[in-house]
There are 2 protein chains.
Amino acid sequence: MVDIAARVHNHKWKIDPIVRSLIDTDFYKLLMCQSVFRNRPDTRVTFSLINRSKHIPLADLVDEGELREQLDHIRSLSLSRGESTWMRGNMFYGKRQMFNPAFMDWFDKLRLPAYHLERVGDQYELTFEGSWPEVMLWEIPALAVIMELRSRSVLHKMEKFELQVLYARAMTKLWEKVETLREVPGVRIADFGTRRRHSFLWQDWCVRAMHEGLGEKFVGTSNCLIAKNRDLEAIGTNAHELPMVYAALADTDEELARAPYDVLSDWHEEHEGNLRIILPDTYGTEGFLKNAPDWLTRWTGIRVDSGDPATGAEMAIKWWTDRGEDPSQKLIIFSDGLDETKIADLHAQFSGRVRVSFGWGTYLTNDFRGLVPNDALAPFSLVCKPVSANGRPTVKLSDNPKKAMGPQDEIARYKRVFGVGAQEEFEVRV
Amino acid sequence: MVDIAARVHNHKWKIDPIVRSLIDTDFYKLLMCQSVFRNRPDTRVTFSLINRSKHIPLADLVDEGELREQLDHIRSLSLSRGESTWMRGNMFYGKRQMFNPAFMDWFDKLRLPAYHLERVGDQYELTFEGSWPEVMLWEIPALAVIMELRSRSVLHKMEKFELQVLYARAMTKLWEKVETLREVPGVRIADFGTRRRHSFLWQDWCVRAMHEGLGEKFVGTSNCLIAKNRDLEAIGTNAHELPMVYAALADTDEELARAPYDVLSDWHEEHEGNLRIILPDTYGTEGFLKNAPDWLTRWTGIRVDSGDPATGAEMAIKWWTDRGEDPSQKLIIFSDGLDETKIADLHAQFSGRVRVSFGWGTYLTNDFRGLVPNDALAPFSLVCKPVSANGRPTVKLSDNPKKAMGPQDEIARYKRVFGVGAQEEFEVRV
């Protein structure tokens, strides 16, 4: 039977919105937002879209009018009562009231600030300016919207059966990954794939497939909306934007050198247990660990997000050992460019020596490689990052110079301050 | 939105019926039924299920109670008004009123006769006795019910996502066949896969995929219900049961030798054009063609349904040539154990020399080979054939002795009468 009401209702949508909720975003964004709201609420920042895959002519693929409609729709969103209740009352990482009333009162009223969109050549310049806690919430929906509009541009040209077969192939592909991973004893994997997902519905399917296929080996999703809807754990801690903005705000080299630790000091006051995860690579993992204060060695773990993952993990293990900590009690979260083979290999290499976990992103929620002609649905490396804070440029060095960003002279200064020497380059695929 | 009414309605079904319509059957069954209704209405026949794949323990896989429920449900079916209108008014093979009013009046009132079901070891004895035009209509739904119950017995043990992935894989597999076949210029393929389909819904999907993917290269389906619902051509001519029963009714060797031609003589009076297709292999193609009357050489074509298909086709081409007919104007329909490779190969070999067409059955609508553990969904060779007519046993020799059936002494007699010598054996897979 045709559900006439549902069809008529669907006709009323002016557009088919990609992001339909303010919590269709990564959990760590909300945690960081609360931290920023508490510690640096008045910081003015600019976030900017950066397409690291220049061969993808985004402005040719994605219609500007459609992109504006999607972004405008996101600006029309506010937290629903149920979403607010979930954030206020749900247990996250074993803790109730993770989000405090002051933050929630502010978030309840929030609408996302204006955006600036301009076509430049075959790319888009897309920036967001304003107060940090507001602007930072644009990152994930902006990326998700562009990724999905790009998917749609390819899907629009396909017939009904081609589409059905496309998703049949993608499901088959994902399920083969699930079958591979469920043979890895004790592996623990979370979905980190919101920002570069093929589409919302596809991410939702991937999450359910992981949950169904991996059971307890699937520990949750970074996507709050999906976590809420599917009764799963919301997963995530913190990201590069915190040290990047703290660093940009530093007035002296001394303050700059201290900035990454200031971030974690603020975090230390707010969070404990599995939320105390160090992200050490913003200005080079080696120097970060060498100069880290002792209280950081007692944190729960480290997230390895750039460079060679095994090297990063060995560095962390050595650091803990040198500082008198037992690595086998520590957690290493791998989250950079994973596929099922890399997950299985890293797990084999490190499980037992440390506790290991994986934050699996793009090749979980957007592995459409090889499924259409010209690989027009293959994922690519799109990010949205803070580029300035209170008028000063931000810098990221990373453990992979291909992921570095910022003005050249500032990069040189940061390298000097953080003692970063020659770095090995790694291809940035996603 | 949940369609509550639809869900409540579904709860009302005592079972989930597999065959829901008397025209969920092969078109040629209806054509043959009309012919039998006109020419041999009082013949008493017995049809019997024959599982050629003895390694499939049907009675262990399919619950007897469920099988009875499905068969009982089929006995409750009668032609709906819309189905009757379609049969009376639709154009088949370019002709209106293919089914005459007398036949339709009888068919409108028909309910299928009783069945006899008994477990014998790990197999079922399933027989249908009664008047030929009634009993013959059991063949296709009985086979389809058993095939689908066997599928269900495997599917019942699978979780939701495993099921979704199973069908994703099956769709991927079928679409790859479609992609292969659409590169074959001028190929013409019909669906002949009702009897051994994985399920009704799957056959329906396969037919739509073929229609969508092959366009004009897909010429129609043998399934009347799907042809009606999807506005496609209903395809089919005649089958072995006609010569088998006519032969069993013969009183002398002379009459026996003439029986296969008597069948086609009756058919000749009723049909023309593309419905005049010889099925020559019931008692050996070679002898059939050698002894065939001249008027048969003017028929439109031949269906090659056993033995080596290329050999059968060459035999037909030589026969036409020897009898002064132009083979390039003739049609050869291949319909035995086809897969996409065999279709492409046979088409390459014979197109141009003759008109070529394919009736694609089991590996179109039930190619679940390799998709579940132990290949528990692989199709197998199940048939339902007349085993006696007016108390006399029927015999089939075929061009493959592995497909032969009947009592040994009768087989010997038929071989003598039809001059069948040594025959090459071919594995019967489906």
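Reader: Hi! Which residue in β3(A) stands opposite E118(A)?
Author: In this predicted model, E118(A) faces E125(A) of β3(A). Strands here are DSSP runs (E, at least two residues), numbered from the N terminus, and helices are H or I runs of at least four.

Reader: Cool, and how many bridges join β2(A) to β3(A)?
Author: Six bridges link β2(A) to β3(A), residues 123–131, and the two run antiparallel.

Reader: What order do the strands of that open sheet have?
Author: The order is β2-β3-β1-β10-β11 in chain A, five strands with antiparallel pairing (pairing takes at least two DSSP bridges). At the edges are β2(A), 115–120, and β11(A), 392–393, each paired on one side only.

Reader: Switching topic: how many residues does each chain give to the contact between A and B?
Author: Chain A gives 23 residues and chain B gives 22, with contact meaning heavy atoms within 4.5 Å.

Reader: And what area do they bury?
Author: About 2,000 Å² between them, 64% of it on carbon and sulfur atoms (accessible area lost on being put together, 1.4 Å probe, summed over both).

Reader: How many salt bridges are there between the chains?
Author: Four, counting a Lys or Arg side-chain nitrogen within 4 Å of an Asp or Glu carboxyl oxygen. One of them joins E179(A) to R169(B), with the closest N and O atoms 3.2 Å apart.

Reader: Which elements of chain A give two or more residues to the side touching B?
Author: Those are α1 (4–12), α9 (160–181) and α10 (200–214) of chain A. The most comes from α9(A), with twelve residues.

Reader: Anything on conventions?
Author: Residues count from 1 along each chain as written, and chains are lettered from A and ligands numbered from 1 in written order. Local features need pLDDT of at least 70 and side-chain atom pairs 80 or more, while totals for chains, interfaces and linings use all residues, and side-chain values use heavy atoms, without hydrogens and water.

Terms used
Buried area = accessible area lost by both parts, 1.4 Å probe.
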